[in-house]
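Hi,

Here is the structure I said I would pass on. Have a look at it first, and my notes follow below.

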Amino acid sequence: MNLILRLLALPFLSRRRPEVSPLGPCRTPFRVWPTDLDVLRHVNNGVYLSLMDLARVDLMNRAGFTPGLRKQGWYPVVVAETISFRRSLTLFQRFEIISEVIGWDDKAFYLTQDFERDGVVVASAVLKARFLGRGAERVSPQSVIDLSPVTIEQPELPQWVEETLRTPALRNP
């Protein structure tokens, strides 16, 4: 329920925050609530991934993509992600997720998302995301970039990104 309330509040909060570059960085503030915790009283590892979803929505909102995406009926899906945890987040702590698009290829966008508390990175993630259309057809990254209200130069994608997110073939049981 906590994440639903955060999702519903996000459009209003995004409007009150400053605009950001389409590639970021976008700093999205959060606080740890009781429903974020696991039995060991720190943020559950699955909650990190859900909060990352919200931070990416905040990036899209504040960078001006949301109206065009809605009009086209396009939506993002995560293809692969990996996260490393360095420190715990505990009850009522404030933190930010810093989201940045580090590049794209002909199929997907690549982003980093860092969880930062008091200037210290407590968790760091890298992910690969695609956009799909109403009929689940793939939308090229360039088509999404064309929705931007500003001109965006394609950054060179670091080689380590694809190696980090290489997904193995799915196995049939």
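To start at the N-terminal end: which helix does Leu-5 lie in? The answer is α1, which covers residues 2–16. Keep in mind as you read on that this is a predicted model. Leu-5 also belongs to a nonpolar patch on the surface, together with Ile-4 and Leu-8. Between them, these three residues have about 310 Å² of accessible area.

Now the pockets. The largest pocket holds about 300 Å³ of space. Its lining is made up of 19 residues, and Leu-59, Met-60, Pro-76, Leu-111 and Phe-131 are the ones closest to the centre. Two or more lining residues come from each of α2 (45–62), β2 (75–85), β4 (109–117), β5 (120–132) and α4 (141–145). Helix α2 gives the most, with five residues. As for character, the lining of this pocket has 17 nonpolar residues, two charged ones and no polar ones.

The second largest pocket comes to about 230 Å³. Its lining includes Pro-11, Ser-14, Arg-15, Arg-17, Pro-18 and Glu-19, and also Asn-61, Arg-62, Gly-64, Thr-66, Pro-67 and Arg-70. Here the elements that give two or more residues are α1, α2 and α3 (66–72). By class, the lining of the second largest pocket divides into five charged, four polar and three nonpolar residues.

Arg-17, one of the residues lining that second pocket, has a salt bridge as well: its side chain meets that of Asp-58, at 3.5 Å from N to O. The pair links distant parts of the chain, since Arg-17 sits in the loop between α1 and β1 and Asp-58 in helix α2, 41 residues apart. The model has six salt bridges by count.

On the aromatic side, there are seven pairs. One of them is Phe-30 with Phe-95, which is stacked, with 5.6 Å centre to centre and 20° between the planes. This pair also links distant parts of the chain: Phe-30 is in strand β1 (residues 26–31) and Phe-95 in strand β3 (residues 94–104), 65 residues apart.

Two backbone details are worth a look on screen. Most residues other than glycine have a negative phi, and most peptide bonds are trans. Against that background, where is the cis peptide bond? It joins Gly-24 and Pro-25, with omega at about 5°. Pro-25 is found in the loop between α1 and β1, the loop that also holds Arg-17. The other detail is Arg-41, which is not a glycine and yet has a positive phi of about 65°. Arg-41 lies in the loop between β1 and α2.

That is what I have for now.

Best wishes

How values were computed. Residues are numbered from 1 along each chain as its sequence is written. This is a predicted model: local features need pLDDT of at least 70, side-chain atom pairs count only at pLDDT 80 or more; totals for chains, interfaces and linings use all residues. Side-chain values use heavy atoms; hydrogens and water are left out. Patches are made of residues with over 30% relative accessible area and no salt bridge: like charges are joined within 9 Å, nonpolar side chains (Val, Leu, Ile, Met, Phe, Trp, Tyr) within 5 Å. Accessible areas come from the Shrake-Rupley method with a 1.4 Å probe; for residues, only the protein chains shown count as cover. A salt bridge is a side-chain nitrogen of Lys or Arg within 4 Å of a carboxyl oxygen of Asp or Glu. Helices (H or I, at least four residues) and strands (E, at least two) are DSSP runs, numbered from the N terminus. On a 1 Å grid over the protein atoms alone, a cavity is a set of points where a 1.4 Å probe fits but cannot get out, and a pocket is an open set with protein on both sides within 12 Å along at least five of seven lines; lining residues have an atom within 4 Å of a point. Grid points are joined across faces, edges and corners, and a volume is the space filled by probe spheres set on the points. Ala, Val, Leu, Ile, Met, Phe, Trp, Tyr, Cys and Pro count as nonpolar, Asp, Glu, Lys and Arg as charged, and the others, Gly among them, as polar. Rings of Phe, Tyr and Trp (its six-membered ring) pair if their centres lie within 6.5 Å; planes under 30 degrees apart count as stacked, over 60 as edge-to-face and the rest as tilted.
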